[in-house]
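Work through the exercises below with the sequence and the model at hand. Each task is followed by a solution in steps.

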Amino acid sequence: MKRKQTMMRAVQAILLTAIMMAGAAALTLTGCKNPVNDDLPPKTAATPTANPAAGAINPAQTISLATDTGGAVIHYTIDGSVPSASSTAYTEPFTLPGFPATVKAIAVKTGWNDSAVLTAAYTKDENASVVVTALSLTSLVTAPVKGAPQNTTAINTVQYTGTIGWFENDGITAAPAVFAANTVYKAIVTLTVKTGFTFTGVAADSFAHTGATSVTNAANSGTVTITFPVTAAAGADTIINALSLDSLVIAPVKGAPQNTTAINTAQYTGTIGWFESNGITAAPAVFAANTVYKAIVTLTVKTGFTFTGVAADSFIYTGSTVSNTVNSGTVTVTFPATAAEGADTIINALSLDNLVTPPVKGVSQNTTAINTAQYTGTIGWFENDGTTAAPAVFAANTVYKAIVTLTVKTGYTFTGVGADSFAHTGATSVTNAANSGTVTITFPVTAAAGADTIINALSLDSLVIAPVKGATQNTTAINTAQYTGTIGWFENNGITAAPAAFAANRVYKAVVTLAAKPGFTFTGVTADSFTYSGATVTNAVDSGMVTITFPATAAAEHPAQETADAFTTTHAAILARTVGMVAIGDEAAVDAALAAYGLLSADAKALLTAEKTLLDNLKGKINELKANRIAADAFTTTHAAILAKTVGTAAIGDEAAVDAALAAYGLLSADATALLTTEKTLLDNLKAKINDLKADRIAADAFTTTHAAILVKTVGTAAIGDEAAVDAALAAYGLLNTDAKALLTAEKILLDNLKAKINELKANRIAADAFTTTYAAILAKTVGTAAIGDEAAVDAALAAYGLLSVDVKVLLTAEKTLLDSLKAKIEALIAATGATMTVNLWTNDTTILASPSSVTLSRSASHTALITGPSGAEYTNHQWSINGSDVAAPKGTAPTYTFNSPGKGNGIYYIGLQVKKGNAWYSKTITITVIN
């Protein structure tokens, strides 16, 4: 029977090919009827598929519907009733409200017959796992802000729990409790799935965080590393830049309640108030039809952020008018009017990729009328000015515009379509007015004359026949005007070759290898530009290597095949693994699959030989991984002490422990060492650091040895002659690296102090030399050559000496002694000239002083000492004496006494004075020496 079906399919394929060829030939005959388009009955839309397929699922699992028919709309029911074009239109994955439940769906496309009905019955399995889909961490991890503390609040969502660790940019050094300025930080988030969820199936780098520099995670892993931008500079707040409010404010919808959920982002918090279009009257709790509403959003910045610097009307909300004043967080969002009562559906088929063919140098215009489920339309081609009609054949090196005029079909409307909502992959710009179906598409400049044209025939729908259960692979070579190509078929892992006849309930990949024809090039083709209706298509930039992943083929009809298909569906996640990508965490899934396999009939097992071989290989690999894990864990336990070190805490004394750990690492298997890449990196870094420390120690020791003589000096023993040695040591210190210098802090302080002392000594020496230079003339005198005329020079030198510092004076001891001797000699010479000297013997009535207290007079010259005492009515008596005997001056006379040296012999005379004040007597004596 199976063979007969295969033969029938082959005959059908031949007939269809013949009809298509005949139709293609007929198209070239003017006025002939097109047998393909006019004589054949309408096509039938492809039956929708459901993912996951029917069976036991977790209540949290979402169900996705798809059809291979491009432009078809899927309508579905979940109560088991037969769907029609009036049933709910499928727009996004949904969950089932209860179990058991039966999903039925059809695909509807204008001008086509409705598809057959998909029927998928589901039962509840609380233990079935759902792949984690909550991939945005924006609201869970607060971005680091200068001066703000770390956010380490435990994560708890419906799908997982988690912890947050903060690190410096190296991902190893712990971040400070309060974030510093001008620094890049990493958050390492460790997530643990809740019951019913799994990370198996989460692709690498799937998680996201708005505003982060990068977010990375390994495939099938909940360990996520988020690298944030550098924090603000010291003293500066960061200007907020999270300006889109799309995800924070839910647009008003007729009949829906207001959303007033408080806003909380990494940069600000906020509240939402809803108003009528006047911005004053509060909006109703439930939005009315055909009404314009305003949301007034009041935002408050978080620590480290500021609105100062935000320009007017900077905030945005797609499809709405948004206003804010300069430096303000008060934002008004004016939304389009809500739908009218019983209003038409707003068109949402906004991609024009498959409807408008981009202009290509030397190719004729495509003006094929547009006809989709939502609208019809015409295409007009123009030069870049949008007015001048384009030529019938596109020229080289020219920018063209396509002006597309769309007309909605019954039940649809353009009212509600935002400005510039339409799209065309690869166009320079696509513009449309709000609520309008007139679309202007500006395309990139066509290729230069003689230059290759970038491939733009990107749809592979007509070139690759989708896999069908029981059908033979289509590997017909591709040949279009732009390229040729081959098709290779593979299992879902993209490695194992698919069978010649496609099995039931399997996901297959077609790897299409295209080669550009002369005049065309793949250079300029963007990533994932190729398309195939109902399938996932990927390609690298500038590449003609295209991978098409198709939906699973239909279920099997044979009981054993159905059982085998159910097995592969139930265990699809683990069967998508390869030995190279399996992990220890897959053991339970492998064991469950092997146990389920053991319960199958012999016929079903016979259909699963490849799967059984894979599972056995996976089990063997897991056992090997577990052994490696044990070895790796033993390694980290044994060497835990040294692995707890960081480069910043490493010391020379750790070398033996590092060497031992590296030696032990070298004895491990390659697979075990693969589990210890972080530890190996750390050990290598520690070893390098220790080597650096040793080198620094050697350099420091060499420094102290080389400069030992000067380093034994103290500030007290430093001399000017030590300057060269100090300078040499400081110069050598300056050539050392930072770490070596850190070992010589005491030596550096000593050298700096010695240098300062030497500079001080040099300054004192300069001051002393300046003194001796300035007063060289008087310092050249001796006591024997001194003359009365030298008195001013001596006094000036003594006055200047008195202004010097103590340390400078120490250097001028001999000079000071000479000046004092010269002063004494000059005073003696003055005394020998016979001049009159006035001596003040009295200053007040409690302290009797003599100024000077002694006088030297010459007997050979006329000299007078005029001695004065106190005067005033309160002094009632004065009595002068010489050597204790009263002199001729009577008591009570004026308080002066004149001592004349002529007539007095050589010797010492004591001139005394007694005065009476009240009843008390006071006395004072001055010594006069008379010499020849």
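**Exercise 1. A salt bridge and its setting**

Task: For the salt bridge between Glu587 and Lys619, state how far apart the closest N and O atoms are, and find the helices in which the two residues lie.

Solution. The model is a predicted one.

Step 1. The closest N and O atoms of Glu587 and Lys619 are 3.1 Å apart, and the cut-off for a salt bridge is 4 Å.

Step 2. Glu587 belongs to helix 5 (residues 587-598) and Lys619 to helix 7 (residues 609-638), so the salt bridge ties together parts that are 32 residues apart in sequence.

Step 3. The relative accessible area of Glu587 is 17%. Buried means under 20%, so Glu587 counts as buried.

Step 4. Glu587 and Lys619 are also linked with Asp591 and Lys626 in a network of salt bridges. The structure as a whole holds 28 salt bridges.

**Exercise 2. Helix 13 against helix 15**

Task: Describe how helix 13 and helix 15 cross, list the residues that meet, and sort them by class.

Solution.

Step 1. Helix 13 spans residues 723-734 and helix 15 spans residues 745-774; their axes come within 10 Å and cross at roughly 145 degrees.

Step 2. The crossing of helix 13 with helix 15 is left-handed.

Step 3. On the helix 13 side, the residues are Glu723, Val726, Asp727, Ala729, Leu730 and Tyr733. They meet Lys748, Leu751, Asp752, Leu754, Lys755, Ile758, Asn759 and Lys762 of helix 15.

Step 4. Sorted by class, this contact between helix 13 and helix 15 has 7 nonpolar, 1 polar and 6 charged residues.

**Exercise 3. Salt bridges that involve helix 15**

Task: Compare where the partners lie in the pair Lys762 and Glu723 and in the pair Lys757 and Glu760.

Solution.

Step 1. Lys762 and Glu723 form a salt bridge through their side chains, at 2.8 Å from N to O.

Step 2. Lys762 is in helix 15 and Glu723 in helix 13, so this pair ties together parts that are 39 residues apart in sequence.

Step 3. Lys762 is partly exposed at 28% relative accessibility, whereas Glu723 is buried with a relative accessible area of 17%.

Step 4. The side chains of Lys757 and Glu760 form a salt bridge at 3.8 Å, N to O. Both residues lie in helix 15, 3 residues apart, which is about one turn of the helix.

Step 5. Glu760 has a relative accessible area of 34% and is partly exposed.

**Exercise 4. Helix 9 against helix 11**

Task: Give the crossing of helix 9 and helix 11 and the residues of their contact.

Solution.

Step 1. The axes of helix 9 (residues 655-666) and helix 11 (residues 677-706) cross at roughly 145 degrees and come within 10 Å.

Step 2. Helix 9 passes helix 11 in a left-handed crossing.

Step 3. Helix 9 contributes Glu655, Val658, Asp659, Ala661, Leu662 and Tyr665. From helix 11 come Lys680, Leu683, Asp684, Leu686, Lys687, Ile690, Asn691 and Lys694.

Step 4. The contact of helix 9 with helix 11 comprises 7 nonpolar, 1 polar and 6 charged residues.

**Exercise 5. Two open sheets**

Task: Which strands stand at the edges of the sheet with the order 2-7-6-4-5, and which are the edge strands of the sheet with the order 30-31-32-35-34?

Solution.

Step 1. The sheet ordered 2-7-6-4-5 is open, has 5 strands and shows mixed pairing. Strand 2 (55-57) and strand 5 (88-89) are at its edges; each has a single partner strand, so one side of each is left without a neighbour in the sheet.

Step 2. Strand 2 runs parallel to strand 7 (residues 118-124), joined by 3 bridges. Ile57 has Lys124 of strand 7 as its bridge partner.

Step 3. The sheet ordered 30-31-32-35-34 is also an open sheet of 5 strands, with antiparallel pairing. Its edge strands are strand 30 (478-479) and strand 34 (536-539), each pairing on one side only.

Step 4. Strand 30 and strand 31 (residues 483-491) run antiparallel and are joined by 2 bridges. Asn479 stands opposite Thr484 of strand 31.

**Exercise 6. The partners of strand 11**

Task: How many bridges pair strand 11 with strand 10, and how many pair strand 11 with strand 14?

Solution.

Step 1. Strand 10 (residues 160-168) pairs with strand 11 (residues 185-193) over 9 bridges in the antiparallel sense. Here Thr161 stands opposite Thr192.

Step 2. Strand 11 pairs with strand 14 (residues 223-227) over 5 bridges, again in the antiparallel sense. Ala187 stands opposite Ile226 of strand 14.

How values were computed: Residues are numbered from 1 along each chain as its sequence is written. This is a predicted model: local features need pLDDT of at least 70, side-chain atom pairs count only at pLDDT 80 or more; totals for chains, interfaces and linings use all residues. Side-chain values use heavy atoms; hydrogens and water are left out. Axes are lines fitted to C-alpha atoms, for helices over the stretch in contact, and angles run from 0 to 180 degrees between N-to-C directions. Helices (H or I, at least four residues) and strands (E, at least two) are DSSP runs, numbered from the N terminus. A crossing is left-handed if the near helix is turned anticlockwise from the far one by less than a right angle, and right-handed if clockwise. Contact means heavy atoms within 4.5 Å. Ala, Val, Leu, Ile, Met, Phe, Trp, Tyr, Cys and Pro count as nonpolar, Asp, Glu, Lys and Arg as charged, and the others, Gly among them, as polar. Two strands pair if DSSP finds at least two bridges between them. Buried means under 20% relative accessible area, exposed over 50%, partly exposed in between (1.4 Å probe, protein chains only).
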